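Q: I've got a structure open and I'm not sure how to read it. Can we go through it together, one feature at a time?

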Amino acid sequence: MALNISESAVTVESQNRRSEKRPVGEVMLVRRPKITASNINVYYGNKQALFDINLDIHERQVTALIGPSGCGKTTFLRCINRMNDLIPGCRVKGDLAINGEDVYAKGVDVVCLRARVGMVFQKPNPFPKSIFDNVAYGARIHGLASNGTDLEEIVVKSLERAGLFAEVKDRLLEPGTSLSGGQQQRLCIARAIAIEPEIILMDEPCSALDPIATARIEELIDELSQNYTIIIVTHSMQQAARVSQRTAFFHLGYLVEDGETEVIFSTPEDERTKAYITGRIG
Amino acid sequence: MESEHIVKSFDKDLRSLDNSIAEMGGLVEMQLVRTFESLAKRDVDLAYEVVAKDKQIDEMETDIHMCAVRLLGLRQPIASDLREVIAAFQTASELERIGDYARNIAKRTTALIKLPPVGTAAHSIARMGGVVQSMIKGVLDAYQARDTSLADDIRKRDQEVDQLHTSLFRELLTYMMEDPHIITACTHLLFISKNVERMGDHATNIAEHIHMIVFGHDPESERPKEDQSSFTVVEASDGKPV
């Protein structure tokens, strides 16, 4: 297993996870998980949507969440930046930590949390503002720029990172909504990365895009994973296989199986995973 | 048996690939029976029939390849489905090679018929041919049933073919040293023996493809190899290698 040892790499006893097939007791360098979910249960009123989810998300990797509609993958995604707080009657139980810090602890500033955990949605949703202001908005409210030059630099850098700058540099003051769907989605990604998040959550970011725009976003995910921890919900098995290093399969609110993407898409252990990825009647 | 795909035509396509492999395998088996029969009975007409029939095997390989490529493109199979398609593609090529060797044996038979028989070589080749034929039959059955334990047994049986080839190699070298007049016949027999040995290798390859379909990896243990002919030298009466 190739290890890109980051500052958070620590020597630990291997957990001998089922999917990684390492001998028990082997000592090796592994990445400390960026996000640790332990016994997460989520309820919408009386209805339980997630059951005892235990999942580690690794830093600077792409993790794909797959599973049939209604299996809880988006609910899990929304636990990470506490977007579920906005849904009346939604309760989250269990522990969810980013860098070891409890996201649901008392006193956590949710606005700060969401600045650290950016989100890109299924449908591109630019603000009804100019392209420039769409990207500058977050940086302004979080006070990331001390003056106009700084702000401009942030906007240009974010648009460049999102692979959009060359296409929009002559029309930064035009409305964000004037762009094509694929460009709007990249604008939303630029908006998300402008505030220097650590984690980017993507909820079916390509489902409304054509194959060319999808390819651009996938290329972008690949580049962004050098600097960010990315979690993507996707219904495209091929997309999950292409862009992610790890994959987690959800079914009826349970995490059925997680592991290296290559293993999940070649020799999954659970029959339900196998049936889902191969398009069989489970 | 795995559950059905939601898209039923996908199952139909995969079944059709399996049926094509079974059909191609049946034809290859028939070619083997006929090529060894033509060699044993020195039947030149039968040998020519085998040569002519090989074209049909080549066409079947092309059809299976086209079908597999179409399936890859249209269905984008994943996991065991992907391995099924790849294995069918590879197995078609293995069978086509076995068919080529059968054709080559038939061609050499037409030459051998013009020459006097050599020692007990025909017996040894018939024995090797019998083992290889039963390996190919077994591996085709294992393929249809995805029976990895049968496939593993067949893989192990290849060493018997290798041993027979090595001993035949020595035997033919000895004959040639004794009588240069039979070098032509012996050379053809040597190539025939090598062809049969290669058929065994292709049968073991198919056994490994079955393993790959079912488990997603090659068999863990190395296949026992007993073909020592590449290292063989014969010694003259004075003990010097010749």
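A: Sure. Let's begin with angles: an axis is a line fitted to C-alpha atoms, and an angle between two axes runs from 0 to 180 degrees between their N-to-C directions. Keep in mind that this is a predicted model.

Q: Which strands does helix H1 of chain A lie across, and at what angle does it run to S9(A)?

A: Helix H1 (residues 73-80) of chain A lies across S5, S8, S9, S10 and S11 of that chain. Its direction is at about 155° to S9(A). Helix H6(A) also packs on the sheet, where it touches S8 and S9 of chain A, and its direction makes about 170° with that of S8(A).

Q: What is the strand order in that six-stranded sheet, and how are the strands paired?

A: The order is S8-S9-S10-S5-S11-S12 in chain A; the sheet is open and the pairing is mixed. At its edges are S8 (117-120) and S12, each of which pairs on one side only. From one strand to the next, the twist averages 15°.

Q: How do I read one pair, say S9 and S10 of chain A?

A: Look at the sense of the pairing and the bridges. S9 (residues 199-203) and S10 (residues 229-233) of chain A pair in the parallel sense, over five bridges. One example is Met202(A), whose bridge partner in S10(A) is Ile232(A).

Q: Which residues does Ile232(A) contact, if I skip neighbours within four places in sequence?

A: Val62(A), Ala64(A), Met202(A), Pro205(A), Ile221(A), Val243(A) and Ser244(A). So Met202(A) turns up both as a bridge partner and in the list of contacts, since two residues count as in contact when their C-beta atoms lie within 7 Å.

Q: What should I know about nonpolar cores?

A: Here's the general idea: in soluble globular proteins, nonpolar side chains tend to be buried together. In this model the largest nonpolar core has 71 residues. Those with the most contacts inside it are Leu65(A), Ala190(A), Ile200(A), Leu201(A), Ile230(A) and Ile232(A). Helix H6 (residues 181-193) of chain A gives the most to this core, with six residues. Apart from that core lies another, of 54 residues, including Ile105(B) and Met199(B).

Q: Is Leu255(A) buried or exposed?

A: Count the C-beta atoms around it: 20 or more others within 10 Å make a residue buried. Leu255(A) has 23, so it is buried. You'll find Leu255(A) in strand S12 (residues 254-260) of chain A.

Q: How far apart are Leu255(A) and Asn54(A), in sequence and in space?

A: They are 201 residues apart in sequence, while their C-alpha atoms are 7.6 Å apart. Leaving out residues up to four places away in sequence, Leu255(A) touches Ile53(A), Asn54(A), Leu55(A), Ala248(A) and Phe250(A). For chain A as a whole, take the contacts with a separation of 6 or more: residues 24 or more positions apart account for 66% of them.

Q: Where are the edges of the sheet with the order S4-S3-S6-S7 in chain A?

A: This open sheet of four strands has antiparallel pairing. S4 (47-58) and S7 (101-102) of chain A stand at the edges with a single partner strand each, so one side of each has no neighbour in the sheet. S3 (residues 33-44) and S4 of chain A pair over eight bridges, and Ala37(A) has Leu55(A) as its bridge partner in S4(A). The hairpin of S3(A) and S4(A) has two residues between the strands, and Gly45(A) there takes a positive phi near 65°. S3(A) also pairs with S6 (residues 90-98) of chain A over eight bridges, with Tyr44(A) opposite Cys90(A).

Q: Why does the length of helix H2 of chain B agree with what we'd expect?

A: At 1.5 Å a residue, the 32 residues of H2(B) (residues 44-75) should span 46 Å, and the end C-alpha atoms are 47 Å apart, so the two agree. Now for its sides: an α-helix has 3.6 residues a turn, so residues three or four places apart point the same way. Among the buried residues of H2(B) are Ala47(B), Val50(B), Asp54(B) and Ile57(B). The buried residues of H2(B) pack against H1 (8-41) and H3 of chain B. Just after H2(B), Gln76(B) takes a positive phi of about 45°.

Q: How many residues from each chain take part in the contact between A and B?

A: Chain B puts in 13 residues and chain A 13 residues. On the chain B side, helix H3 (residues 79-112) gives the most, with three residues. That side divides into five nonpolar, five polar and three charged residues.

Terms used:
Residues numbered from 1 in each chain as written. Chains lettered and ligands numbered in written order. Predicted model: local features only at pLDDT ≥ 70, side-chain atom pairs only at ≥ 80, totals over all residues. Nonpolar A, V, L, I, M, F, W, Y, C, P; charged D, E, K, R; others polar. Pairing = 2+ DSSP bridges. Core = buried A, V, L, I, M, F, W, Y, C linked by C-beta atoms within 7 Å. Buried ≥ 20, exposed ≤ 12 C-beta atoms within 10 Å, placed from the backbone. Expected span 1.5 Å × (residues − 1).
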